[in-house]
Structures are given as structure tokens and as C-alpha cells.
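Here is a walk through the fold you have on screen, one spot at a time. Keep the viewer open and click along.

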Amino acid sequence: MGSPAPRTPRKEEPRGWFRRKPLYDRREILAAAAVAQGKGKPKKALEQYRKVLEMEPDNPTLLMKTAVLFAETRQPDDAWRSFRKAADLFRQDGLVDKWSSVWSQAVIYFPRSTEAWLSLAQAKASRGVPADAAAALLTGSRHFTRRKEREERVALLTEAFRLAPYTFDVTMEYASALVASGARSDAFELLEELTDRTTGSRHRKVRGRLFRLRPTPAAAWRWLRASFR
């Protein structure tokens with residue numbers, strides 16, 4: 001038999017008094033990243049965090065931190081991938097609050113992404129409070145004000161209405177979005193149903209909107225009657 005192959009020496013520090021520093025010191029790298037971030041040096045912080053991510057590619061907390069830094073340094077594709085991966089990992093671990101937090105950060109940097117708003121709503125709805133999810137979608141829809149974005153606005157408000165049907169603010173904005181997209185009859189039906197679910201000043205607002213959609217004498221009379229009720 002031949003002699004055994006010599007062992008490759010470890011890359012870590014040798015034994016003895018004069019030990020070399022480890023090649024990968026997680027604590028020191030994270031500390032350097034935090035210092036750089038605190039000094040307003042996002043690129044330097046990102047460089048440090050990425051060293052750790054090479055060793056821990058499925059660390060959702062670090063992915064979220066790097067996502068923000070990618071966004072702040074104008075690297076949207078990398079930012080989006082990091083936000084999405086962090087959210088998926090938190091979701092898989094059942095950490096709903098952190099899952100929601102990721103998308104709450106993402107919509108700051110991607111306010112015109114329907115996927116980001118819908119994902120945020122999904123995370124919020126998973127807590128069992130659909131009204132919070134609908135409120136997030138309502139907020140998101142207000143970023144889509146351009147003519148070419150009407151379809152996206154309607155999509156967000158359709159989902160908001162599904163989650164919280166006939167909520168006053170959601171229904172009113174949904175009706176406006178439908179009118180802008182050409183679906184006036186659908187908007188009219190929504191508002192007619194809403195009149196039976198409102199009172200006071202809200203009822204007057206709905207009647208006023210109905211009159212503007214169909215300015216008939218009957219609609220005018222209902223609006224005036226609501227105003228003096």
C-alpha cells in the first residue's frame with residue numbers, strides 16, 4: 001500500500017500564540033455593515049451583507065436588509081428578487097408579521113407594482129382582518145393615476161372590494177375607477193346598492209354621485225331629498 005496523502009492544512013488560524021484571524025468572521029462583517037449603513041454608505045454596507053449571504057443564502061432577515069440597500073442604490077432587479085425571496089422564506093416559516101413587513105417595505109420602493117400591493121394584501125388578509133388588506137389595496141390604487149394605468153387600478157380595487165364589500169371608501173373609489181374605465185353601468189349598480197347601506201352625509205354623497213352618473217329628474221329628487229333629510 002502507498003503512503004497516505006498528506007492532509008491539507010486548514011485555512012483557519014494555526015494553533016499557538018499567534019493565531020491568524022478567521023477568513024469569515026460573521027459578527028465582525030455584520031458590525032461593519034451596520035456601521036457603514038449608519039454612516040450613510042449603503043454600497044459599503046451592501047458589500048458587507050453580501051459576504052454573509054454567500055454563506056447564508058436563505059437568511060430572510062439579511063435578504064430584507066439587502067433588498068432595501070439594493071433599492072437605495074438603484075438596483076431594482078436585485079432589490080425585487082431579494083424582497084420576494086425574503087417574503088417567501090418568512091411565509092414558509094409561518095412568520096406572518098415579518099412576511100407582511102417585507103411587502104410593506106417593498107411597496108415603498110415599488111409603488112407601481114400591482115404584485116407588491118396584492119402580495120401585501122395577501123399577507124395582511126392571512127391575519128384574519130380583511131379590512132386591513134382592503135385598506136392596503138385602496139392605498140395602492142391611488143398610485144395608479146395615469147390613463148394607461150386604469151386597468152391596474154381597477155384590478156387592485158376589485159380585490160379590495162372582494163375583501164371588504166361595500167365598505168364606503170373602497171366602493172366609492174371602485175365606482176370611480178369603473179367609470180374611468182368605461183364601465184359606467186357597473187359603477188351605477190354598485191352605488192345603488194351602497195345607498196341602502198349608508199346614512200347621513202355618506203348617503204348624500206352617494207346620491208350626488210348617482211345623479212352625476214345619470215342626471216335624471218328622479219335622481220335629482222332623490223339627491224335633494226337626501227340633502228334635506
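Start at Lys51, which you'll find in helix 2. This is a predicted model, and in it Lys51 comes out as partly exposed, with a relative accessible area of 36%. If you hop from there to Asp25, you cross 26 residues in sequence, while the C-alpha to C-alpha separation in space is 10.0 Å.

Helix 2 (42–55) also takes part in the largest pocket: together with helix 3 (60–72) and helix 4 (76–92), each supplies at least two residues of the lining. The volume of this pocket is about 190 Å³. If you want to color the lining, select Arg50, Leu53, Pro57, Leu63, Thr66, Phe70, Asp78, Arg81, Ser82 and Lys85. Which helix gives the largest share of that lining? Helix 4 does, with four residues. Sorted by class, the lining has four nonpolar, four charged and two polar residues.

Now for the charged pairs. Side chains of opposite charge can pair when their charged atoms come close. The structure holds 12 salt bridges, and here are some to look at, with their N to O distances.

| Salt bridge | N to O distance |
|---|---|
| Arg84 and Glu115 | 2.6 Å |
| Arg112 and Glu149 | 2.9 Å |
| Arg142 and Glu173 | 2.5 Å |

Take the bridge between Arg84 and Glu115. Arg84 sits in helix 4 and Glu115 in helix 6 (residues 114–125), so this pair ties together parts that are 31 residues apart in sequence. Are these two buried or exposed, or something in between? Arg84 counts as partly exposed because its relative accessibility is 35%, and Glu115 is also partly exposed, with a relative accessible area of 35%.

Next, the bridge between Arg112 and Glu149. Both partners are in loops: Arg112 is in the one between helix 5 (96–109) and helix 6, and Glu149 in the one between helix 7 (130–141) and helix 8 (150–163), so the pair ties together parts that are 37 residues apart in sequence. Arg112 is partly exposed at a relative accessible area of 41%. Glu149, on the other hand, has 7% relative accessibility and therefore counts as buried.

Then there's the bridge between Arg142 and Glu173. Arg142 is in the loop between helix 7 and helix 8, while Glu173 belongs to helix 9 (residues 168–180), so the pair ties together parts that are 31 residues apart in sequence. Here Arg142 counts as partly exposed at 46% relative accessibility, whereas Glu173, at 16%, counts as buried because the limit for that label is under 20%. Beyond single pairs, salt bridges that share partners join Arg112, Arg146 and Glu149 into one network.

Last stop, a surface patch. Which residues make the nonpolar patch? Trp221, Leu224 and Phe228 do, and the patch covers about 420 Å². Leu224 has its place in helix 12 (residues 217–228). With a relative accessible area of 45%, Leu224 is partly exposed; patch residues need over 30%, so Leu224 clears that cut-off.

Definitions and conventions. Residues numbered from 1 in each chain as written. Predicted model: local features only at pLDDT ≥ 70, side-chain atom pairs only at ≥ 80, totals over all residues. Heavy atoms only, no water. Patch = residues over 30% accessible without salt bridge, like charges linked within 9 Å, V, L, I, M, F, W, Y side chains within 5 Å. Areas by Shrake-Rupley, 256 points an atom, 1.4 Å probe, with all protein chains shown as cover. Salt bridge = Lys/Arg side-chain N within 4 Å of Asp/Glu carboxyl O. Buried < 20%, exposed > 50% of the residue type's maximum accessible area, 1.4 Å probe, protein only. 1 Å grid on protein atoms, 1.4 Å probe; cavity = no way out; pocket = protein on both sides within 12 Å on 5 of 7 lines; lining within 4 Å. Points joined across faces, edges and corners; volume = space filled by probe spheres on them. Nonpolar A, V, L, I, M, F, W, Y, C, P; charged D, E, K, R; others polar.
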